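Subject: Structure for you to look at

Hi,

Here is the structure I said I would pass on. Have it open while you read, and my notes follow below.

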Amino acid sequence: AYYINAHAAKFVMPGSSRIESNSDDSLPNVAFRTPHGKAVLIVLNNTNSAKTFTISFRGRSISPKLNAGATATYFFGID
């Protein structure tokens, strides 16, 4: 939990607001809109194996692979 909080504090600026994201038990995530007009998505892979998943945002999609136990942050412009 300490590392996740530190990770969020590094990328989610003061004044950010929580926006909708969907999640499952193996890839919990949270998304924010920053005061600078960016969307920040933080994803945790809390399983023992790498997971590939899809992020869809405003008509675009990416399918990153996240190693077991890893946390990743993704930024998107939402202007």
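Which side chain does the side chain of Ser21 make a polar contact with? Keep that in mind while I set the scene. What you have is a predicted model, not an experimental one.

First, the overall picture. The protein chain has 1 helix and 8 strands, and going along the sequence they come in the order α-β-β-β-β-β-β-β-β. A compact globule of 79 residues would have a radius of gyration near 12 Å, and this chain has 12 Å, so the two agree. Along the principal axes, the C-alpha atoms fill a box of roughly 35 × 30 × 15 Å. Buried residues account for 32% of the 79. If you take the contacts between residues at least 6 apart in sequence, 33% of them join residues at least 24 apart.

Now back to Ser21. You'll find Ser21 in the loop between β1 (17-19) and β2 (29-33), and the partner of its side chain is the side chain of Asn29, at 2.8 Å. Setting aside neighbours within four places in sequence, Ser21 is in contact with Asn29, Val30, Ala31 and Leu41. Try finding Ser56 too: it is 35 residues away from Ser21 along the chain, yet their C-alpha atoms are separated by 10 Å. Ser21 has a relative accessible area of 25%, which falls between the 20% and 50% cut-offs, so it counts as partly exposed.

Ser21 also leads us to the largest pocket, which holds about 390 Å³ of space. Its lining has 19 residues, and those nearest the centre are Ser21, Asn22, Asn29, Leu41 and Ile55. β2, β3 (38-44) and β5 (55-57) each supply at least two lining residues, with β3 giving the most, 4 residues. By class, the lining is made up of 11 nonpolar, 6 polar and 2 charged residues.

One more residue to click on: Asn45, in the loop between β3 and β4 (51-52). Is Asn45 buried or exposed? Its relative accessibility is 0%, so it counts as buried. Its side chain reaches the backbone oxygen of Ser49 at 2.9 Å, and a polar atom of that side chain also lies 2.9 Å from the backbone oxygen of Leu66. Beyond four places in sequence, the contacts of Asn45 include Ser26, Leu27, Lys51 and Gly69.

Have fun exploring!

How values were computed: Residues numbered from 1 in each chain as written. Predicted model: local features only at pLDDT ≥ 70, side-chain atom pairs only at ≥ 80, totals over all residues. Heavy atoms only, no water. Buried < 20%, exposed > 50% of the residue type's maximum accessible area, 1.4 Å probe, protein only. Contact = heavy atoms within 4.5 Å. Polar contact = N/O pair within 3.5 Å; in protein donor to acceptor, adjacent residues only side chain to side chain. 1 Å grid on protein atoms, 1.4 Å probe; cavity = no way out; pocket = protein on both sides within 12 Å on 5 of 7 lines; lining within 4 Å. Points joined across faces, edges and corners; volume = space filled by probe spheres on them. Nonpolar A, V, L, I, M, F, W, Y, C, P; charged D, E, K, R; others polar. Rg over C-alpha atoms; globule rule 2.2 N^0.38 Å.
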